[in-house]
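Work through these exercises with the structure open beside you. Try each task before reading its solution.

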Amino acid sequence: MNAAPELIDALVAELPEWLPTQRWFAGKDRPVTAVDAVSTTVLLEGDPLLLHLIVEVRQDDRGEPYQLLIGSRAHLPEYLGSSWIGTEKGLPCYEASGDADLTGRLLDLIAEDAQVGPLRFAQEAKAPVQGGLRARPVAAEQSNTSLVFGQQYILKLFRKLAPGENPDLKLHRALQEVGSEHIAPVLGSITGELHGEPTTLGMLQKFVTDAVEGWAMATTSVRDLMADPELPPDLLGGDFAGESNRLGQAVATVHNDLRRALGDQTADLAEFDRAVGAMHARLDRVAGEVPELTGYAPALHEAFEEIREADGPVPVQYIHGDLHLGQVLRTVTGWLLIDFEGEPAAPVSERSALRSPLRDVAGMLRSFDYAAHQMLIGQPEDPLLTERALEWSRRNREAFCDGYAKAAAADIGDPRSHALLLRAFELDKAVYEVAYEHANRPEWLGVPLASIARISSGGE
Amino acid sequence: MDEDFRPDAALGLEGVPHTGESITEEGILVEPQAGDFEHAEQAPSNPVWYKGAVFYEVLVRAFTDSNSDGTGDLRGLASRLDYLEWLGVDCLWLPPFYASPLRDGGYDISDFRAVLPEFGTVEDFVYLLDEAHKRDIRVITDLVLNHTSDAHPWFQQSRTDPDGPYGDYYVWSDDDSRYADARIIFVDTETSNWTYDPVRGQFYWHRFFSHQPDLNYENPDVQEAMLDVLRFWLDLGIDGFRLDAVPYLFELEGTNCENLPRTHEFLKRCRKVVDDEYPGRVLLAEANQWPSDVVEYFGDPAPGGDECHMAFHFPLMPRIFMAVRRESRFPISEILAQTPKIPHNCQWGIFLRNHDELTLEMVSDEERDYMYAEYAKDPRMKANIGIRRRLAPLLENDRNQLELFTALLLSLPGSPVLYYGDEIGMGDNIWLGDRDAVRTPMQWTPDRNAGFSRCDPGRIYLPVIMDPVYGYQAINVEAQRDSASSLLSWTRRMIEVRKQHYAFAEGEFIELGGSNPSVLAFKRQWTRPDGLTDVVLCVNNLSRFPQPVELDLSANEGCTPMELTGGVLFPDIGELPYLLTLPGHGFYWFHLLDESAKAR
């Protein structure tokens with residue numbers, strides 16, 4: 001099926017201006033020079049019309065593929081006004097993920113195992129999907145767009161595409177295969193073609209209605225702590241250590257499951273060099289941009305070098321890659337891990353490489369630190385509250401490591417027994433945070449910097 | 001047998017009808033019969049009255065003293081029925097008022113067919129029943145099936161005459177090695193489930209205190225005798241029994257001796273007696289077990305349950321406390337998610353506090369340590385495996401929390417059981433021994449003895465609460481009844497609201513989740529006999545801080561939420577998530593009005 005080519009040409013011409021206004025667009029650092037349509041597929045004909053688009057977004061020498069859902073209808077209802085892109089040939093065109101009259105089609109196509117042009121909609125084996133539901137988009141999403149269908153399914157549409165199977169889908173499938181209890185089951189997928197390669201466009205999962213983000217859980221506890229400055233954290237009503245412990249067990253269990261599903265290796269010297277080199281390089285790059293980091297650079301370089309002295313072989317495997325409290329969900333049956341895509345900014349080659357599971361542990365430890373300090377941002381300096389935040393962070397980091405150790409594979413065991421590696425990974429993550437905060441939320445810069453100061457001076 | 005030995009000697013019931021007042025030539029104890037007494041009129045017929053009833057646990061001893069001897073009694077309780085009717089109570093639950101040496105709060109029954117003299121007589125009980133039924137209030141009482149007091153004439157006969165008709169009424173053994181896998185329940189006081197009796201020269205089995213020998217249910221005579229005890233009270237007009245300690249009736253080597261199949265068989269027999277001979281009366285199981293085990297006590301789901309009509313949901317209560325302290329709904333959500341469906345003629349009984357300690361048997365060690373740290377800051381507040389405190393002091397007398405907890409009690413699935421005095425926010429006295437901290441006299445007025453008794457204050461069975469915060473001069477029914485803003489008036493109003501919406505009683509419980517962990521939101525959805533659906537929405541902020549919540553109510557798109565206490569209409573539910581904001585520890589109850597409800 002093909003939509004009127006003139007409509008598409010006119011629409012694509014509007015995109016260079018429109019794309020940078022979208023939250024999920026990753027190329028905001030440079031102007032968009034051109035947008036080319038790579039494939040266009042009509043998913044629903046008539047009025048309203050649903051159009052699926054893969055476009056190549058050119059920014060100087062860089063060209064990156066993105067996935068778009070476009071709607072078009074003669075009369076644009078008011079609630080879709082903010083999604084308007086342009087009016088072509090007298091027809092208003094708009095970003096369609098918020099149009100429940102259209103998005104239901106995506107689920108129906110998966111339920112039908114349909115092939116539409118180059119797009120293949122498919123249910124996972126043994127997981128019948130019921131169509132006929134209306135969807136609403138999930139608010140507050142960063143790099144992708146997710147639609148929730150009738151409290152039963154969630155469809156994640158990947159925005160920035162990379163040829164091949166998306167690591168999120170790949171790892172979910174692998175975990176599902178070995179019966180992991182800490183993921184939301186995968187029920188279907190959407191696959192297209194990019195540079196001649198089958199490429200994941202979307203992943204359908206069971207929607208967990210009772211789920212709460214770990215970040216919301218943790219900050220609830222911190223709020224309680226800050227309101228009662230007298231009580232030690234272990235006596236507080238909102239103590240989170242029990243949850244942190246169970247979360248640690250869940251993460252270790254997922255690591256074990258990934259290993260069982262996809263195997264593991266031992267890092268050889270060359271890989272080690274590459275990893276250490278990448279940490280040095282990131283540090284140099286960020287220290288060049290953020291003067292506040294410069295003073296810590298020597299200590300950081302030294303910490304990175306020290307991991308070469310780490311005892312024994314380092315097991316590497318598939319890991320989550322971007323683990324933090326926003327990537328874990330508390331449900332009535334325990335903790336789930338979501339979004340196995342890796343760091344969104346990292347190149348795909350790095351995202352899909354085998355890495356030490358301690359990286360995920362370090363990511364979570366950093367997240368506890370963030371959760372502890374988030375209420376202090378923008379507040380006048382208060383040594384008492386700062387100490388409270390540190391106490392909370394310490395207690396929950398310890399509890400998380402205790403839980404991890406309880407369920408970890410024998411060759412990893414207690415993450416704290418790999419002190420040099422864990423410290424280097426935490427520092428590397430903190431350097432990444434410095435760059436991110438510097439660019440996006442300067443008032444938060446103090447959080448990673450204070451941690452770097454503490455860790456590199458021998459604190460925990 | 002010693003000629004002078006009298007099996008009823010220890011009862012202290014001279015002059016009133018009692019078990020063992022004479023013995024037949026065959027050695028059978030003569031027992032009082034229902035036909036010896038007047039019978040009460042029944043309350044209006046409603047076979048499933050317990051599904052929507054508000055229960056009120058009241059200790060006869062603690063409520064009102066009619067004869068100025070310092071101890072509450074049945075006539076005193078009867079004199080307060082107007083108050084209970086005004087409050088909205090549908091059923092009284094009386095802990096045991098039978099003859100007893102009172103070494104276990106009356107659960108050590110020495111005669112199943114006589115009333116403890118200080119509480120009155122069987123005639124007084126029939127009077128109470130009659131008066132209650134006139135007000136459409138029902139009355140149930142505890143019946144301990146598992147054991148008797150060692151003062152019971154049956155036990156006296158059993159120990160002195162092993163070959164007589166009662167020789168096999170208890171579980172006797174030459175040594176103390178059998179049933180080694182059964183846990184000891186009262187770990188604070190007992191070291192074994194066997195105690196040696198020097199009179200008979202054998203050990204007897206007891207799951208609770210050593211002065212409470214277990215009845216031997218392997219003996220068909222014991223089963224018949226206990227069924228006749230049921231019939232005795234049912235004939236007099238009682239509305240049902242809370243069957244105490246039901247999991248332990250039978251023993252079987254190699255098991256923990258709890259929840260055994262034969263125990264269920266006997267409960268089915270009890271139920272059959274009720275169904276065949278006394279329809280409309282209820283059996284309520286007290287089984288402090290996990291919900292998945294407790295559902296066994298409802299029996300076969302096919303006929304709608306053929307054992308107990310009701311059972312207490314024990315693990316829910318500590319988790320309500322835990323959830324509010326954690327500011328997280330998960331402790332409640334988890335236990336309700338683990339609670340299986342129950343047969344259609346059955347109902348849970350739920351409670352916040354009762355005459356026992358806040359029991360922590362059904363929580364993990366980690367959770368128990370946490371609860372001790374949170375709610376029992378003074379070691380004296382602990383008792384057995386639990387916390388001996390009343391609701392108001394547990395919540396630091398915080399009115400917002402008292403209201404939130406009461407709202408949860410009245411809206412979570414099950415029939416709510418209030419504990420006397422909690423409706424006015426009574427305090428406790430942790431310096432009193434055992435569980436007496438929460439059993440002090442009801443506070444009626446600011447007058448002498450809190451209006452409970454006109455006796456000399458020194459004679460009262462337990463001192464009234466006198467501290468400045470919870471003392472009877474500050475906290476009493478009289479003062480609160482006249483104040484529209486009092487906890488009592490508020491509680492009464494909420495009970496009234498609950499009764500206006502049968503969805504609270506029988507509605508399906510549907511938790512709504514949501515991204516805010518501090519907000520517990522759920523629907524109670526009930527299909528009316530006319531086929532229409534009534535939906536009540538309850539949103540509870542478990543945090544002390546104000547919270548927003550976005551709820552997915554798309555299943556009720558187009559409905560208008562009407563707040564239940566004031567009747568205010570809230571914005572219509574659309575396709576988008578429904579936003580509500582709640583003050584700290586705040587809650588809302590809404591009726592979701594669809595087109596048909598608006599038309600009504």
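The radius of gyration used here is taken over C-alpha atoms, and the globule rule is 2.2 Å times the number of residues to the power 0.38. The model is predicted.

**Exercise 1. Find out what the globule rule says about chain B.**

Step 1. Start with the residue count: chain B has 600 residues.
Step 2. Apply the rule. A compact globule with 600 residues would have a radius of gyration near 25 Å.
Step 3. Compare. Chain B has 25 Å, so the value agrees with the rule.
Step 4. Add the outer dimensions. Along the principal axes, the C-alpha atoms of chain B fill a box of roughly 85 × 55 × 50 Å.

**Exercise 2. Describe the make-up of chain B, and say how confident the predictor is.**

Step 1. Count the elements: 18 helices and 22 strands.
Step 2. Check burial. In chain B, 53% of the 600 residues count as buried; the cut-off is 20 or more other C-beta atoms within 10 Å.
Step 3. Look at contacts with a separation of 6 or more. In chain B, 69% of them join residues 24 or more positions apart.
Step 4. Read the confidence. Chain B has a mean pLDDT of 92, and 94% of its residues reach 70 or more. For the complex, the predictor gives an ipTM of 0.83 and a pTM of 0.89.

**Exercise 3. Trace the five-stranded sheet of chain A and explain what is special about β1 and β4.**

Step 1. Write the order: β1-β2-β3-β5-β4, an open sheet with antiparallel pairing.
Step 2. Find the edges. β1 (34–44) and β4 (84–88) of chain A each have a single partner strand, so one side of each lacks a neighbour in the sheet.
Step 3. Note the twist. Neighbouring strands are turned by 30° against each other on average, direction ignored.
Step 4. Inspect one pair. Nine bridges join β1(A) to β2 (residues 49–59) of chain A. A:Ala34 has A:Arg58 in β2(A) as its bridge partner.

**Exercise 4. Which strands do helices α1 and α2 of chain A meet?**

Step 1. Take α1 (residues 5–18). This helix packs on the sheet and touches β1, β2, β3 (62–72), β4 and β5 (91–95) of chain A. Its direction makes about 145° with that of β4(A).
Step 2. Take α2 (residues 100–111). This helix lies across β1, β2 and β3 of chain A, at about 75° to β1(A).

**Exercise 5. Into which domains is chain A divided?**

Step 1. List them: domain 1 (5–99), domain 2 (101–206) and domain 3 (212–456).
Step 2. Locate domains 2 and 3 of chain A: 29 Å separate their centres, taken over C-alpha atoms.
Step 3. Count the contact residues: 15 from domain 2 of chain A and 21 from domain 3 of chain A.

How values were computed:
Residues are numbered from 1 along each chain as its sequence is written. Chains are lettered from A and ligands numbered from 1 in the order in which they are written. This is a predicted model: local features need pLDDT of at least 70, side-chain atom pairs count only at pLDDT 80 or more; totals for chains, interfaces and linings use all residues. Two strands pair if DSSP finds at least two bridges between them. Helices (H or I, at least four residues) and strands (E, at least two) are DSSP runs, numbered from the N terminus. Axes are lines fitted to C-alpha atoms, for helices over the stretch in contact, and angles run from 0 to 180 degrees between N-to-C directions. Two residues are in contact if their C-beta atoms, placed from the backbone, lie within 7 Å. A residue is buried if 20 or more other C-beta atoms lie within 10 Å of its own, exposed if 12 or fewer, and partly exposed in between; C-beta atoms are placed from the backbone. pLDDT is the predictor's confidence in each residue, from 0 to 100. Domain bounds come from an automatic or database domain assignment.
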